[in-house]
Amino acid sequence: MALSLGAYAPPLICKATAANNHSHRHVHDVAYIRRAVEIADKSAGFTSPHPNFGCVIATPSGDVAGEGYLYAQGTKPAEIQAVEAGGEHCRGATAYLNMEPGDCHGDHTAVSALVQAGIKRVVVGIRHPLQHLRGNSIRALRSQGLHVEVLGEDMQSKIVEEARKSCLLVNLPLIHRATSRVPFSVLKYAMTLDGKIAASSGHAAWISSKMSRNRVFELRGRSDAIIVGGNTVRRDNPRLTARHGGGHMPIRIVMTQTLDLPEEANLWDMSEVSTIVVTQRGARRSFQKLLASKGVEVVEFDILNPREVMEYFHDRGYLSILWECGGTLAASAISSGVIHKVFAFVAPKIIGGKYAPSPVGELGMVEMSQALDLIDVCYEQVGPDMLISGFLQPMPDLTPIIPSEDETFAIDPTVTPYESSIIFFYKTWDPYGAFSNFSPHPIQMPDDNGNYATWPSVEHYYQANKFVGVNDPVARNCIEKIKSAKSPEEAARMGRSIQRGQPALVRSDWDSVKIDVMYRALKCKFSIYPHLNSLLLSTAGSVLVEASPHDLFWGGGREGEGLNYLGRLLMQLRSEFLGEASTSSENTCLAL
């Protein structure tokens with residue numbers, strides 16, 4: 001399991017040792033929960049970081065009837081996959097979930113699947129970390145007569161606590177998002193035995209072995225983004241790709257105060273993955289224009305520091321960040337309290353050098369008693385190198401349980417849920433995640449011949465329509481590939497990549513029709529799912545804002561400067577649906 005959990009699981013040799021006095025009653029439950037944790041992590045590196053859900057269904061005789069895991073946001077829930085795999089064997093069985101299901105779409109699909117399959121008992125690793133989801137599914141399951149047990153609450157023992165910890169580890173990025181409003185951040189570096197990350201000349205290729213570098217590619221694939229400083233760009237000219245031949249590619253971020261960067265750099269090549277440069281407001285305006293002409297996004301900050309930058313990327317929806325920077329920026333990030341875990345690859349080499357750089361710069365410490373001690377330190381040999389990892393900050397505590405907004409309202413009726421006149425939505429796991437075009441709701445749309453076809457999501461349909469009507473077999477092939485993409489995320493990645501790399505395949509009228517394409521897809525979605533229609537109508541009187549800080553067309557932007565066309569279309573649809581309801585009511589009155 002050490003390898004399957006990558007950045008978040010204890011590798012091979014740890015300080016802590018497991019207790020031998022296991023409670024026999026919990027042994028089987030713990031084994032299945034650990035299996036749920038293991039499969040929950042299976043899509044790591046293939047999709048962008050998302051809440052990791054795994055479900056294992058075991059029969060009373062102890063056989064595994066079915067398994068499933070969430071592949072990406074907007075895909076089929078783990079519980080439904082496990083139920084479909086188990087079939088009739090699910091009746092009277094126990095479902096093991098590493099984390100409480102997250103119903104972000106008002107349809108209770110995970111809960112309904114377990115109830116309708118005849119599941120008798122549910123064992124849950126941890127409650128959902130996000131406040132608007134915490135406890136909802138557990139209450140729903142119990143209200144349907146299922147026996148639900150939560151590790152650490154209804155089940156307690158040494159091995160239960162260890163299993164619960166594994167459930168926390170596999171969703172650490174989500175937990176940090178819920179508790180600290182910054183992404184989970186990992187500092188990675190490779191150094192020689194005498195603590196150098198490069199020679200005095202700056203040469204650093206290669207300190208660590210190829211096996212260690214492959215592990216770094218794995219870490220990158222598990223991250224939303226990779227951060228480096230300006231010195232790294234100038235000295236190393238890195239590419240910062242995952243190099244796995246497909247799947248998720250993390251965004252590359254350059255953090256630079258002065259914007260003193262080369263005009264030509266590998267990071268300005270946007271053919272595979274995007275680059276974002278964060279800098280001080282007003283820095284080198286002419287160079288900003290040059291970067292923009294290459295497709296590089298520049299984000300300015302009034303005060304550029306790691307915490308401000310991390311809070312910005314938290315708002316952008318990022319869960320996990322990998323820092324591969326030099327010592328100066330690493331020290332600043334540690335001092336700002338945004339680094340949660342360290343991965344240090346130590347090579348059995350000595351380079352020496354009075355001015356050779358070290359992995360962490362000045363922290364202002366003058367006594368060894370001030371040194372930062374790592375928590376849960378683990379050691380693993382990777383080829384000739386030693387990988388030392390540990391946490392700089394303790395794991396956030398999810399207890400005591402923070403009441404959900406509905407629970408708060410039950411205690412204090414004066415506190416009404418979502419009373420604000422502005423409702424923000426963005427990721428599918430947000431309170432109004434069903435409004436996202438990435439939500440897992442298939443739609444049926446007519447083609448040019450009037451024949452209806454099923455699309456896995458609004459995003460699939462939208463991205464494919466960029467190439468509709470183009471008299472080119474390659475364009476038609478693009479449509480089919482996007483339609484069969486395993487997740488909305490992959491559909492978006494395909495569509496954007498083709499649009500960027502082969503603009504001749506994009507229909508000539510795309511800019512003038514894309515709003516109508518999105519409108520028709522959204523109208524279908526909110527027409528055929530009654531619970532989504534009800535959710536949309538329940539927002540009457542509120543302004544709907546797609547909270548993407550970087551998409552200034554569909555989203556509201558960082559400071560409200562975006563056009564918010566997705567929010568506008570939803571409000572337009574809401575008005576149309578309300579008008580239809582009003583007309584229907586008037587006709588009923590006239591008939592009476």
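Which loop does Asp 224 lie in? Asp 224 sits between α7 (210-221) and β8 (225-229), with helices (H or I, at least four residues) and strands (E, at least two) taken as DSSP runs and numbered from the N terminus. This is a predicted model, in which local features need pLDDT of at least 70 and side-chain atom pairs count only at pLDDT 80 or more, while totals for chains, interfaces and linings use all residues. Residues are numbered from 1 along each chain as its sequence is written, and side-chain values use heavy atoms, with hydrogens and water left out.

**The whole protein**
- You're looking at 18 helices and 19 strands.
- Of the 592 residues, 52% are buried; here buried means under 20% relative accessible area, exposed means over 50%, and partly exposed is in between (1.4 Å probe, protein chains only).
- Take the contacts (heavy atoms within 4.5 Å) between residues at least 6 apart in sequence: 71% of them join residues at least 24 apart.
- Accessible surface adds up to about 26,500 Å², and carbon and sulfur atoms account for 53% of that; the areas come from the Shrake-Rupley method with a 1.4 Å probe, and for residues only the protein chains shown count as cover.

**Around Asp 224**
- Asp 224 counts as buried because its relative accessibility is 8%.
- Setting aside residues up to four places away in sequence, Asp 224 touches Ser 48, Pro 49, His 248, Pro 250, Ile 251, Tyr 318, Leu 319 and Ser 320.
- One of those partners, Leu 319, is 95 residues away in sequence, yet the C-alpha to C-alpha distance is 6.6 Å.
- The Asp 224 side chain also reaches the backbone nitrogen of Leu 319, at 2.6 Å. That is a polar contact, meaning a pair of N or O atoms within 3.5 Å; within protein, one must be able to donate a hydrogen and the other to accept it, and residues adjacent in sequence count only if both atoms are side-chain atoms.

**Helix α10 and its ends**
- α10 covers residues 306-315, and its buried residues are Pro 306, Val 309, Met 310, Tyr 312, Phe 313 and His 314.
- As a reminder, an α-helix has 3.6 residues a turn, so residues three or four places apart point the same way.
- At the N-terminal end, Asn 305 acts as the cap, with a side-chain oxygen 3.1 Å from the backbone nitrogen of Arg 307.
- After α10 comes Gly 317, with a positive phi near 95 degrees.

**Asn 171, between two helices**
- Asn 171 is in the loop between α5 (158-170) and α6 (172-180).
- With a relative accessible area of 1%, Asn 171 is buried.
- Beyond its neighbours within four places in sequence, Asn 171 contacts His 50, Pro 51, Asn 52, Asn 98 and Met 99.

**Cysteines**
- The disulfide count is zero, where a disulfide is a pair of cysteine sulfur atoms within 2.5 Å.
- Why no bond for Cys 90? The closest cysteine sulfur, in Cys 55, is 8.3 Å from that of Cys 90, too far for a bond.
- Cys 90 is buried, at 0% relative accessibility, and Cys 478 is buried too, at 6%.

**Backbone oddities**
- The Ala 205 to Trp 206 peptide bond is cis, with omega near -10 degrees; Trp 206 is in the loop between β7 (184-192) and α7.
- Asn 237, in the loop between α8 (230-236) and β9 (251-256), isn't a glycine but has a positive phi of about 45 degrees.
- Leu 240, in the loop between α8 and β9, isn't a glycine either and has a positive phi of about 60 degrees.
- Asn 237 is partly exposed at 33% relative accessibility, whereas Leu 240 is buried at 4%.
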